[in-house]
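Work through the exercises below with the structure open. Try each task before you read its solution.

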Amino acid sequence: MEQRVLGRTGRSVAVVGLGTWQLGADWGDVREEDALAVLDASVEAGVTLFDTADVYGDGRSEQLIGRYLKGRPDAEVFVATKFGRRAEQRPEHYNLANFRAWSDRSRSNLGVDRLDLVQLHCPPTPVYSSDEVYDALDTLVAEQRIAAYGVSVETCAEALTAIARPGVASVQIILNAFRLKPLEEVLPAAAAAGVGILARVPLASGLLSGRYTAQTRFAADDHRTYNRHGEAFDQGETFSGVDFATGVEAAAVFAGLAPAGVTAAQTALRWVVQQPGVTAVIPGARNPAQAVANAAAAGLPPLPDSTLAAVRELYDARIRPLVHDRW
(Lines give C-alpha, C1' and ligand atoms only; values in the text may rest on other atoms or scores of the structure.)
Protein backbone atom coordinates (compact mmCIF):
# COMPACT_ATOMS: atom_id res chain seq x y z
CA MET A 1 0.00 0.00 0.00
CA GLU A 2 1.17 3.52 -0.74
CA GLN A 3 2.88 5.17 2.23
CA ARG A 4 2.93 8.87 3.10
CA VAL A 5 4.78 10.79 5.80
CA LEU A 6 2.43 11.82 8.62
CA GLY A 7 3.41 15.45 8.91
CA ARG A 8 5.89 16.42 11.58
CA THR A 9 5.96 12.94 13.10
CA GLY A 10 8.40 11.98 10.35
CA ARG A 11 6.80 8.53 10.28
CA SER A 12 5.35 6.94 7.17
CA VAL A 13 1.89 5.37 7.28
CA ALA A 14 -0.31 3.63 4.75
CA VAL A 15 -2.80 5.89 2.99
CA VAL A 16 -5.69 3.79 4.29
CA GLY A 17 -5.62 3.26 8.04
CA LEU A 18 -8.17 1.87 10.47
CA GLY A 19 -10.39 3.91 12.75
CA THR A 20 -11.30 1.91 15.87
CA TRP A 21 -14.16 3.85 17.45
CA GLN A 22 -16.47 0.97 16.60
CA LEU A 23 -14.28 -1.49 18.53
CA GLY A 24 -14.90 0.36 21.76
CA ALA A 25 -18.49 1.48 21.75
CA ASP A 26 -21.14 3.65 20.15
CA TRP A 27 -21.72 1.49 17.06
CA GLY A 28 -23.45 -1.43 18.75
CA ASP A 29 -21.82 -4.42 20.38
CA VAL A 30 -18.59 -5.86 18.93
CA ARG A 31 -17.24 -9.08 20.43
CA GLU A 32 -13.56 -9.18 21.41
CA GLU A 33 -12.71 -11.95 18.96
CA ASP A 34 -14.39 -10.02 16.16
CA ALA A 35 -12.49 -6.87 17.06
CA LEU A 36 -9.15 -8.69 17.04
CA ALA A 37 -10.04 -10.26 13.70
CA VAL A 38 -10.64 -6.80 12.23
CA LEU A 39 -7.25 -5.61 13.46
CA ASP A 40 -5.54 -8.67 12.01
CA ALA A 41 -7.28 -8.44 8.65
CA SER A 42 -6.29 -4.79 8.39
CA VAL A 43 -2.62 -5.50 9.05
CA GLU A 44 -2.61 -8.38 6.58
CA ALA A 45 -4.12 -6.02 3.98
CA GLY A 46 -1.29 -3.50 4.43
CA VAL A 47 -2.72 -1.10 7.01
CA THR A 48 0.00 0.44 9.22
CA LEU A 49 -2.05 3.06 11.09
CA PHE A 50 -4.61 2.50 13.84
CA ASP A 51 -6.51 5.48 15.21
CA THR A 52 -8.12 5.17 18.62
CA ALA A 53 -9.01 7.21 21.73
CA ASP A 54 -9.12 6.77 25.47
CA VAL A 55 -12.87 7.37 25.45
CA TYR A 56 -13.75 4.62 22.96
CA GLY A 57 -15.38 2.08 25.23
CA ASP A 58 -13.67 3.91 28.12
CA GLY A 59 -10.35 2.43 27.03
CA ARG A 60 -11.58 -0.84 25.50
CA SER A 61 -10.44 0.10 22.01
CA GLU A 62 -6.94 0.97 23.23
CA GLN A 63 -6.76 -2.22 25.27
CA LEU A 64 -7.75 -4.39 22.32
CA ILE A 65 -5.13 -2.76 20.13
CA GLY A 66 -2.51 -3.26 22.83
CA ARG A 67 -3.48 -6.90 23.23
CA TYR A 68 -3.35 -7.48 19.49
CA LEU A 69 0.02 -5.81 18.94
CA LYS A 70 1.55 -7.66 21.89
CA GLY A 71 0.75 -10.88 20.06
CA ARG A 72 1.99 -9.50 16.74
CA PRO A 73 5.44 -8.05 17.41
CA ASP A 74 6.13 -8.30 13.68
CA ALA A 75 3.34 -5.82 12.88
CA GLU A 76 4.76 -2.36 12.26
CA VAL A 77 1.72 -0.29 13.23
CA PHE A 78 1.68 3.40 14.10
CA VAL A 79 -0.95 3.99 16.79
CA ALA A 80 -2.55 7.41 17.03
CA THR A 81 -4.67 7.88 20.12
CA LYS A 82 -6.63 10.82 21.51
CA PHE A 83 -7.39 12.15 24.97
CA GLY A 84 -9.51 14.74 26.73
CA ARG A 85 -13.10 13.64 26.17
CA ARG A 86 -13.35 11.60 29.36
CA ALA A 87 -13.20 14.82 31.37
CA GLU A 88 -15.81 17.55 31.72
CA GLN A 89 -15.29 19.78 28.70
CA ARG A 90 -13.86 22.90 30.29
CA PRO A 91 -10.67 24.58 28.98
CA GLU A 92 -9.01 24.60 32.41
CA HIS A 93 -9.02 20.80 32.47
CA TYR A 94 -6.53 20.76 29.60
CA ASN A 95 -3.44 21.13 31.78
CA LEU A 96 -0.14 19.36 32.34
CA ALA A 97 -1.24 17.34 35.36
CA ASN A 98 -4.21 15.92 33.49
CA PHE A 99 -2.16 15.37 30.34
CA ARG A 100 0.31 13.29 32.33
CA ALA A 101 -2.48 11.24 33.89
CA TRP A 102 -4.33 10.77 30.61
CA SER A 103 -1.21 9.78 28.68
CA ASP A 104 -0.18 7.36 31.42
CA ARG A 105 -3.58 5.68 31.22
CA SER A 106 -3.32 5.34 27.44
CA ARG A 107 0.23 3.99 27.72
CA SER A 108 -1.03 1.37 30.14
CA ASN A 109 -3.99 0.47 27.93
CA LEU A 110 -1.78 0.12 24.86
CA GLY A 111 1.09 -1.55 26.70
CA VAL A 112 3.76 0.89 25.51
CA ASP A 113 6.30 3.17 27.17
CA ARG A 114 5.81 5.99 24.68
CA LEU A 115 2.75 6.83 22.60
CA ASP A 116 3.37 7.34 18.87
CA LEU A 117 0.91 10.23 18.62
CA VAL A 118 -1.54 11.87 21.02
CA GLN A 119 -4.28 14.08 19.64
CA LEU A 120 -6.37 16.51 21.63
CA HIS A 121 -9.84 15.03 21.16
CA CYS A 122 -12.07 17.85 19.89
CA PRO A 123 -11.61 20.01 23.01
CA PRO A 124 -13.41 23.31 23.66
CA THR A 125 -12.41 25.85 21.01
CA PRO A 126 -10.32 28.10 23.33
CA VAL A 127 -7.95 25.18 23.99
CA TYR A 128 -6.54 25.43 20.46
CA SER A 129 -5.29 28.96 21.19
CA SER A 130 -3.74 28.31 24.61
CA ASP A 131 0.04 28.67 24.94
CA GLU A 132 -0.10 26.68 28.17
CA VAL A 133 -1.70 23.72 26.40
CA TYR A 134 1.07 23.49 23.82
CA ASP A 135 3.74 23.99 26.48
CA ALA A 136 2.24 21.05 28.38
CA LEU A 137 2.23 18.88 25.25
CA ASP A 138 5.86 19.82 24.60
CA THR A 139 6.61 18.68 28.15
CA LEU A 140 5.07 15.26 27.45
CA VAL A 141 7.38 14.95 24.44
CA ALA A 142 10.41 15.96 26.54
CA GLU A 143 9.42 13.42 29.19
CA GLN A 144 9.14 10.75 26.45
CA ARG A 145 5.57 9.95 27.35
CA ILE A 146 4.65 10.75 23.75
CA ALA A 147 6.63 10.96 20.54
CA ALA A 148 4.42 13.61 18.90
CA TYR A 149 1.13 15.42 19.28
CA GLY A 150 -1.66 16.65 17.09
CA VAL A 151 -5.28 17.71 17.28
CA SER A 152 -8.66 16.39 16.28
CA VAL A 153 -11.05 19.17 15.32
CA GLU A 154 -14.68 19.85 14.52
CA THR A 155 -14.27 23.04 12.49
CA CYS A 156 -11.94 24.41 9.85
CA ALA A 157 -11.22 27.45 12.02
CA GLU A 158 -9.94 25.17 14.81
CA ALA A 159 -7.76 23.33 12.33
CA LEU A 160 -6.18 26.53 11.02
CA THR A 161 -5.45 27.72 14.56
CA ALA A 162 -3.66 24.46 15.36
CA ILE A 163 -1.73 24.31 12.08
CA ALA A 164 -0.08 27.63 12.96
CA ARG A 165 1.55 26.04 16.04
CA PRO A 166 5.07 24.74 15.30
CA GLY A 167 4.76 21.62 17.46
CA VAL A 168 1.54 20.29 15.96
CA ALA A 169 2.37 17.22 13.88
CA SER A 170 -1.06 16.41 12.49
CA VAL A 171 -4.69 17.46 12.27
CA GLN A 172 -7.57 15.02 12.21
CA ILE A 173 -10.67 16.41 10.51
CA ILE A 174 -13.91 15.18 8.99
CA LEU A 175 -13.46 14.98 5.23
CA ASN A 176 -15.67 13.14 2.79
CA ALA A 177 -17.83 13.69 -0.28
CA PHE A 178 -20.44 15.29 2.01
CA ARG A 179 -17.89 17.52 3.82
CA LEU A 180 -15.82 19.47 1.30
CA LYS A 181 -15.10 22.66 3.22
CA PRO A 182 -11.62 21.52 4.44
CA LEU A 183 -10.47 21.47 0.80
CA GLU A 184 -10.69 25.25 0.61
CA GLU A 185 -8.18 26.33 3.27
CA VAL A 186 -7.27 23.56 5.70
CA LEU A 187 -5.56 21.12 3.36
CA PRO A 188 -3.49 23.80 1.57
CA ALA A 189 -2.44 25.34 4.90
CA ALA A 190 -1.46 21.95 6.33
CA ALA A 191 0.57 21.07 3.24
CA ALA A 192 2.41 24.40 3.38
CA ALA A 193 3.23 23.91 7.07
CA GLY A 194 4.24 20.25 6.78
CA VAL A 195 1.33 19.12 8.97
CA GLY A 196 -0.25 15.73 8.34
CA ILE A 197 -3.96 15.32 7.68
CA LEU A 198 -5.94 12.33 8.95
CA ALA A 199 -9.37 12.24 7.31
CA ARG A 200 -12.00 10.82 9.61
CA VAL A 201 -15.67 9.88 9.07
CA PRO A 202 -14.85 9.27 5.38
CA LEU A 203 -18.10 7.39 4.76
CA ALA A 204 -20.28 9.91 6.60
CA SER A 205 -21.11 7.31 9.28
CA GLY A 206 -21.88 4.75 6.60
CA LEU A 207 -24.12 6.90 4.41
CA LEU A 208 -21.64 6.88 1.54
CA SER A 209 -21.65 3.09 1.46
CA GLY A 210 -25.03 3.41 -0.24
CA ARG A 211 -26.44 0.59 1.91
CA TYR A 212 -29.02 2.59 3.84
CA THR A 213 -32.57 3.52 3.01
CA ALA A 214 -35.02 5.86 4.71
CA GLN A 215 -36.33 2.81 6.58
CA THR A 216 -32.94 1.76 8.00
CA ARG A 217 -32.88 1.60 11.80
CA PHE A 218 -29.84 1.41 14.05
CA ALA A 219 -29.41 -0.09 17.51
CA ALA A 220 -30.27 2.05 20.52
CA ASP A 221 -26.60 2.09 21.60
CA ASP A 222 -25.45 3.24 18.14
CA HIS A 223 -24.61 6.95 17.90
CA ARG A 224 -26.50 7.03 14.59
CA THR A 225 -29.60 6.63 16.74
CA TYR A 226 -28.88 8.63 19.88
CA ASN A 227 -26.75 11.47 18.47
CA ARG A 228 -28.57 12.19 15.24
CA HIS A 229 -29.28 15.74 16.35
CA GLY A 230 -26.20 16.28 18.53
CA GLU A 231 -27.78 15.02 21.75
CA ALA A 232 -24.57 13.43 23.09
CA PHE A 233 -21.69 15.15 21.24
CA ASP A 234 -21.08 17.29 18.18
CA GLN A 235 -23.78 16.65 15.59
CA GLY A 236 -21.20 16.86 12.80
CA GLU A 237 -19.73 13.53 13.87
CA THR A 238 -22.92 11.66 12.96
CA PHE A 239 -23.70 11.50 9.23
CA SER A 240 -21.36 14.52 8.87
CA GLY A 241 -24.17 16.66 10.22
CA VAL A 242 -26.45 15.90 7.26
CA ASP A 243 -30.00 14.95 8.14
CA PHE A 244 -30.53 11.25 7.49
CA ALA A 245 -33.24 11.53 4.83
CA THR A 246 -31.23 14.01 2.77
CA GLY A 247 -28.10 11.92 3.23
CA VAL A 248 -29.76 8.74 2.00
CA GLU A 249 -31.01 10.45 -1.15
CA ALA A 250 -27.64 12.06 -1.87
CA ALA A 251 -25.82 8.80 -1.16
CA ALA A 252 -27.90 7.05 -3.81
CA VAL A 253 -26.71 9.61 -6.35
CA PHE A 254 -23.12 9.20 -5.16
CA ALA A 255 -23.32 5.41 -5.51
CA GLY A 256 -24.13 5.92 -9.17
CA LEU A 257 -20.69 7.53 -9.62
CA ALA A 258 -18.81 4.38 -8.59
CA PRO A 259 -16.71 2.82 -11.38
CA ALA A 260 -17.65 -0.63 -12.61
CA GLY A 261 -16.62 -3.31 -10.12
CA VAL A 262 -15.98 -0.77 -7.35
CA THR A 263 -18.27 -0.28 -4.36
CA ALA A 264 -19.64 3.08 -3.32
CA ALA A 265 -17.64 2.86 -0.08
CA GLN A 266 -14.40 2.22 -1.95
CA THR A 267 -15.17 5.11 -4.27
CA ALA A 268 -15.68 7.38 -1.25
CA LEU A 269 -12.34 6.30 0.23
CA ARG A 270 -10.52 6.66 -3.09
CA TRP A 271 -11.94 10.18 -3.37
CA VAL A 272 -10.44 11.11 0.01
CA VAL A 273 -7.06 9.50 -0.67
CA GLN A 274 -6.48 11.53 -3.82
CA GLN A 275 -7.24 14.93 -2.29
CA PRO A 276 -3.99 16.96 -2.20
CA GLY A 277 -2.71 17.29 1.34
CA VAL A 278 -4.36 14.18 2.79
CA THR A 279 -1.94 11.82 4.52
CA ALA A 280 -4.32 8.99 5.32
CA VAL A 281 -7.99 8.16 5.60
CA ILE A 282 -9.17 6.23 8.66
CA PRO A 283 -12.41 4.34 7.98
CA GLY A 284 -13.81 1.98 10.57
CA ALA A 285 -14.66 -1.67 9.96
CA ARG A 286 -16.93 -4.00 11.91
CA ASN A 287 -15.70 -7.22 10.30
CA PRO A 288 -12.65 -8.49 8.41
CA ALA A 289 -14.36 -8.30 5.02
CA GLN A 290 -15.02 -4.60 5.48
CA ALA A 291 -11.43 -4.04 6.58
CA VAL A 292 -10.05 -5.78 3.49
CA ALA A 293 -12.42 -3.94 1.16
CA ASN A 294 -11.45 -0.58 2.70
CA ALA A 295 -7.75 -1.30 2.30
CA ALA A 296 -8.27 -2.29 -1.34
CA ALA A 297 -9.45 1.26 -2.09
CA ALA A 298 -5.82 2.40 -1.85
CA GLY A 299 -4.93 0.38 -4.92
CA LEU A 300 -7.71 1.67 -7.16
CA PRO A 301 -6.91 3.98 -10.07
CA PRO A 302 -7.49 7.67 -9.33
CA LEU A 303 -11.02 8.82 -10.00
CA PRO A 304 -11.29 10.79 -13.26
CA ASP A 305 -11.90 14.52 -13.35
CA SER A 306 -15.46 13.92 -14.48
CA THR A 307 -16.22 12.00 -11.28
CA LEU A 308 -14.56 14.64 -9.12
CA ALA A 309 -16.68 17.28 -10.80
CA ALA A 310 -19.83 15.23 -10.26
CA VAL A 311 -19.03 14.92 -6.54
CA ARG A 312 -18.66 18.69 -6.32
CA GLU A 313 -21.95 19.23 -8.13
CA LEU A 314 -23.74 16.82 -5.80
CA TYR A 315 -22.31 18.58 -2.76
CA ASP A 316 -23.14 22.05 -3.99
CA ALA A 317 -26.70 21.09 -4.88
CA ARG A 318 -27.76 18.94 -1.92
CA ILE A 319 -25.29 19.23 0.97
CA ARG A 320 -23.60 22.62 0.97
CA PRO A 321 -26.76 24.62 1.79
CA LEU A 322 -27.24 22.51 4.92
CA VAL A 323 -23.79 22.14 6.50
CA HIS A 324 -21.05 24.18 4.83
CA ASP A 325 -21.19 27.27 7.02
CA ARG A 326 -21.48 25.25 10.24
CA TRP A 327 -18.30 23.22 9.90
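**Exercise 1.** Which backbone nitrogen lies 2.8 Å from a polar atom of the side chain of Thr216?

Solution. Some ground rules come first: the model is predicted, local features need pLDDT of at least 70, side-chain atom pairs count only at pLDDT 80 or more, and totals for chains, interfaces and linings use all residues. Residues are numbered from 1 along each chain as its sequence is written, and side-chain values use heavy atoms, with hydrogens and water left out.

Step 1. Find Thr216 in the loop between β9 and α8 (223-226). Helices (H or I, at least four residues) and strands (E, at least two) are DSSP runs, numbered from the N terminus.

Step 2. The nitrogen belongs to the backbone of Thr213.

Step 3. Thr216 counts as buried because its relative accessibility is 17%; buried means under 20% relative accessible area, exposed over 50% and partly exposed in between (1.4 Å probe, protein chains only).

Step 4. Look also at Val248, 32 residues away along the chain: its C-alpha atom is 9.7 Å from that of Thr216.

**Exercise 2.** Find Ser61 and state whether this residue is buried or exposed.

Solution. Step 1. Ser61 is part of helix α3.

Step 2. Its relative accessible area is 0%, so Ser61 is buried.

Step 3. The side chain of Ser61 makes a polar contact with the side chain of Thr52, at 2.8 Å. A polar contact is a pair of N or O atoms within 3.5 Å; within protein, one must be able to donate a hydrogen and the other to accept it, and residues adjacent in sequence count only if both atoms are side-chain atoms.

**Exercise 3.** Give the order of the strands in the open sheet.

Solution. Step 1. The eight strands follow the order β3-β4-β5-β6-β7-β8-β9-β10, with parallel pairing. Two strands pair if DSSP finds at least two bridges between them.

Step 2. At the edges are β3 (18-19) and β10 (280-281), each pairing on one side only.

Step 3. Start at one edge: two bridges join β3 to β4 (residues 49-51) in the parallel sense, and Gly19 stands opposite Asp51.

Step 4. At the other edge, β9 and β10 run parallel and are joined by two bridges; here Ala199 stands opposite Val281.

**Exercise 4.** Trace the chain from β7 to β9 and give the handedness of each crossover.

Solution. Step 1. Strands β7 (residues 149-152) and β8 pair in parallel over three bridges. From β7 the chain passes through helix α6 (residues 156-163) to β8, a right-handed β-α-β crossover. Right-handed means that, with the strands pointing away from the viewer, the path from the first strand over the helix to the second runs clockwise.

Step 2. Five bridges join β8 to β9 (residues 196-200), again in the parallel sense. The chain reaches β9 from β8 through helix α7 (residues 186-193), and this β-α-β crossover is right-handed.

**Exercise 5.** How many residues of β8 and of β9 are buried?

Solution. Step 1. In β8 (residues 168-174), seven of seven residues are buried.

Step 2. In β9, five of five are buried.

Step 3. In a regular strand the side chains alternate between the two faces of the sheet.

Step 4. Sort β9 by face: Gly196, Leu198 and Arg200 are on one side, Ile197 and Ala199 on the other, and all are buried.
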